[in-house]
Amino acid sequence: MQVVKTISEIRKIRPKLAEPVGFVPTMGYLHQGHLSLVRYARVENRSLVVSIFVNPTQFGPSEDFERYPRDTECDLALLENERVDIVFMPSAAEMYPPRFNSWVEVSHVTERLEGASRPGHFKGVTTVVCKLFNILQPNVAYFGQKDAQQALVIKKMVAELNMDLKIVTLPTVRESDGLAMSSRNTYLNPKERQAALVLHQALNLAQKLFSEGERDASRLRREMLSLIGKEPLAKPDYVSVADTETLEELDTLTLPALVSLAVKIGKTRLIDNVMLE
Ligand code: AMP
């Protein structure tokens, strides 16, 4: 496994990589969710590149960029164990030199849900992912359904800007009690960790109501909010039952639908979702 920190170095290596080249972008502090993408990509590709880059431009000024968890040594050991060929680990200065002024923006679908709560977030995401695609020239890139809106936005960017690669979305990996794995779970103290189960419980409730025949999307949102309201440590940011393509809120449930939510548990903001199909 080769650890590469500069764009000039990767440019020399890339032509020598056997194709197809698979790519898994991450912000590090790796867990089984990340590793599920890496394992899937390892089987499907002759070469496998993983990036670790905590992208400053996708964090708002009052968000957790500075304290975002980092453990490079542990990440590299995990990736070595998965037989990754290249780890691309640029510095912020390498990715954003002084007077950096070029941005990639997808409109509309980025204005809802995470985009509404985190202004500028997706502009940072699409810009860094576009840059990583240009630098690494992968044939296939892998994203988690955990960040459903992000996967949708990236797919739209790739299709509409005619980028020559395939995007694959893979299922959310959960802890045994249902909590979606996330690097941010490390912020939770034991009481908050317990309270965080309310996200999964709310999604389960939506699925149950749907399977019992409920088709009123606002009732689903109401019932989920009411369940979250019973957890004193939880403060909902949004609860959504939306069209999977436009992310517009539904009145009557039509399939497929994306049920998603963002909830603050103490100071930690967590997201999760489930697809009704
Ligand atoms: P991050 O390091 O949080 O930027 O995540 C890197 C990639 O891993 C993204 O495509 C995420 O959607 C994906 N990911 C994060 N958590 C999970 C999870 N629990 N299950 C599956 N994929 C995940």
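This report looks at the ligand site, one helix pair and some backbone oddities in a predicted model.

In this predicted model, local features need pLDDT of at least 70, side-chain atom pairs count only at pLDDT 80 or more, and totals for chains, interfaces and linings use all residues. Residues are numbered from 1 along each chain as its sequence is written, and side-chain values use heavy atoms, with hydrogens and water left out.

**Around the ligand**

Let's start with the ligand, which has 17 residues around it (a residue counts as near if one of its heavy atoms lies within 4 Å). Met27, His34, Asp147, Val173 and Met181 are the closest. Three of these names come back in the table of polar contacts, meaning pairs of N or O atoms within 3.5 Å.

| Residue | Protein atom | Ligand atom | Distance |
|---|---|---|---|
| His34 | polar side-chain atom | oxygen | 2.8 Å |
| Asp147 | polar side-chain atom | oxygen | 2.6 Å |
| Met181 | polar backbone atom | nitrogen | 2.9 Å |

On its own the ligand would expose 480 Å², and the protein buries 92% of that (accessible areas by the Shrake-Rupley method with a 1.4 Å probe; for residues, only the protein chains shown count as cover). Strand 2 (21–26), helix 2 (32–44) and strand 5 (140–144) are the elements that give two or more residues to the shell; helices (H or I, at least four residues) and strands (E, at least two) are DSSP runs, numbered from the N terminus. Helix 2 supplies the largest share, three residues.

By type, the shell splits into eight nonpolar, seven polar and two charged residues. Here Ala, Val, Leu, Ile, Met, Phe, Trp, Tyr, Cys and Pro count as nonpolar, Asp, Glu, Lys and Arg as charged, and the others, Gly among them, as polar.

**Helix 9 on helix 10**

Now for the helix pair: helix 9 (residues 197–211) packs on helix 10 (residues 217–229) at about 150°, their axes 9 Å apart. Axes are lines fitted to C-alpha atoms over the stretch in contact, and angles run from 0 to 180 degrees between N-to-C directions. Among the residues that meet are Val198, Leu205 and Leu209 from helix 9, and Leu220, Met224 and Ile228 from helix 10 (contact means heavy atoms within 4.5 Å). That contact divides into ten nonpolar residues, one polar and two charged.

**Backbone oddities**

Most residues other than glycine have a negative phi, and most peptide bonds are trans. The Glu19 to Pro20 bond, however, is cis, with omega near 0°, and Pro20 is in the loop between helix 1 (7–13) and strand 2. Leu255 and Pro256 are also joined by a cis bond, omega about -5°; Pro256 lies in the loop between strand 7 (234–243) and strand 8 (257–265). Finally, Leu113, in helix 5 (residues 113–117), has a positive phi near 45°.

Conventions:
Polar contact = N/O pair within 3.5 Å; in protein donor to acceptor, adjacent residues only side chain to side chain.
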